[in-house]
Amino acid sequence: DIGFHASKLSSYNDHNYKYAIGPSIGVTPIRNGWLTLGYNVKGFYDRDFTKARYTAQGFYFTLRVKFDQETRLPTFQ
């Protein structure tokens, strides 16, 4: 998939806003897996959200894998 993302962090009391915007591209190389490569043209750093979301300026890479009750993991003998 090809996409565009935007994030806004705001403090209404201080009238302070930060933005992160940029394009991304994703592929599904394996069943229930998704790889994403993106680039934040404009970004920001926030210590509370840095680990949970990709808001810093520059490239980022994510790997997502779905596990559920039907997922079969490899067995080793």
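This passage walks through a predicted model of a protein chain, from its overall layout to a few residues within it.

We may start with the whole chain. The protein chain counts 77 residues, of which 21% are buried. Four strands and zero helices are found in it, and the order of elements from the N terminus is β-β-β-β. The surface that the chain exposes comes to about 6,600 Å², with carbon and sulfur atoms supplying 56% of that area. Turning to contacts between residues at least 6 apart in sequence, 29% of them bring together residues at least 24 apart.

The four strands form an open sheet in the order E1-E2-E3-E4, and their pairing is antiparallel. E1 and strand E4 (58-65) are the edges of this sheet; each has a single partner strand, so one side of each lacks a neighbour in the sheet. On average, and with direction ignored, neighbouring strands here are turned by 25 degrees against each other. Strands E3 and E4 run antiparallel and are joined by eight bridges. One of the residues taking part is Gly-33, whose bridge partner in E4 is Val-65.

A good residue to visit next is Asn-40, which belongs to strand E3 (residues 33-40). Is Asn-40 buried or exposed? Its relative accessible area is 0%, and because buried means under 20%, Asn-40 counts as buried. Two polar partners can be described for its side chain. A polar contact of 2.6 Å links the side chain of Asn-40 to that of His-5, while the backbone oxygen of Ala-56 is reached by the Asn-40 side chain at 2.8 Å. Setting aside residues up to four places away in sequence, Asn-40 also touches a wider set of residues, among them Ile-21, Gly-22, Tyr-54, Thr-55, Gln-57, Gly-58 and Tyr-60.

The polar contact with Asn-40 leads on to His-5, which is placed in strand E1 (residues 2-11). His-5 has a relative accessibility of 18%; this value is under 20%, so His-5 is classed as buried. Which side chain, besides that of Asn-40, makes a polar contact with the side chain of His-5? It is the side chain of Tyr-60, at 3.4 Å. A polar atom of the His-5 side chain also lies 2.9 Å from the backbone oxygen of Gly-22. Once neighbours within four places in sequence are left aside, the residues in contact with His-5 include Ala-20, Ile-21, Pro-23, Ser-24 and Tyr-39. Tyr-60 and Gly-22 appear in the contacts of Asn-40 and in those of His-5.

Ala-20 is another residue that touches both Asn-40 and His-5. Ala-20 sits in strand E2 (residues 16-27), and its relative accessibility of 0% makes it buried. Along the chain, Ala-20 and His-5 are 15 residues apart, and 8.0 Å separates their C-alpha atoms. Beyond residues up to four places away in sequence, Ala-20 has further contacts, including Ala-6, Ser-7, Lys-42, Gly-43, Phe-44 and Thr-55.

Moving on from strand E3, one comes to Val-41, found in the loop between E3 and E4. How does its accessibility compare with the cut-offs? At 49%, Val-41 has a relative accessibility between 20% and 50%, so Val-41 counts as partly exposed. The C-alpha atoms of Val-41 and Ala-20 are separated by 7.3 Å, although these residues lie 21 places apart along the chain. With neighbours within four places in sequence left aside, Val-41 is in contact with Ile-21, Gly-22, Pro-23 and Gln-57.

Finally, a word on charged side chains. Side chains of opposite charge can pair when their charged atoms come close. How many salt bridges does the structure hold? There is one, and it is formed by Lys-66 and Asp-68, whose closest N and O atoms are 3.6 Å apart. Lys-66 is partly exposed, with a relative accessibility of 45%. Asp-68 is partly exposed as well, at 31% relative accessibility.

Technical notes. Residues numbered from 1 in each chain as written. Predicted model: local features only at pLDDT ≥ 70, side-chain atom pairs only at ≥ 80, totals over all residues. Heavy atoms only, no water. Helix = DSSP H or I, 4+ residues; strand = E, 2+ residues; numbered from the N terminus. Buried < 20%, exposed > 50% of the residue type's maximum accessible area, 1.4 Å probe, protein only. Polar contact = N/O pair within 3.5 Å; in protein donor to acceptor, adjacent residues only side chain to side chain. Contact = heavy atoms within 4.5 Å. Salt bridge = Lys/Arg side-chain N within 4 Å of Asp/Glu carboxyl O. Pairing = 2+ DSSP bridges. Axes fitted to C-alpha atoms, helices over the stretch in contact; angles between N-to-C directions. Areas by Shrake-Rupley, 256 points an atom, 1.4 Å probe, with all protein chains shown as cover.
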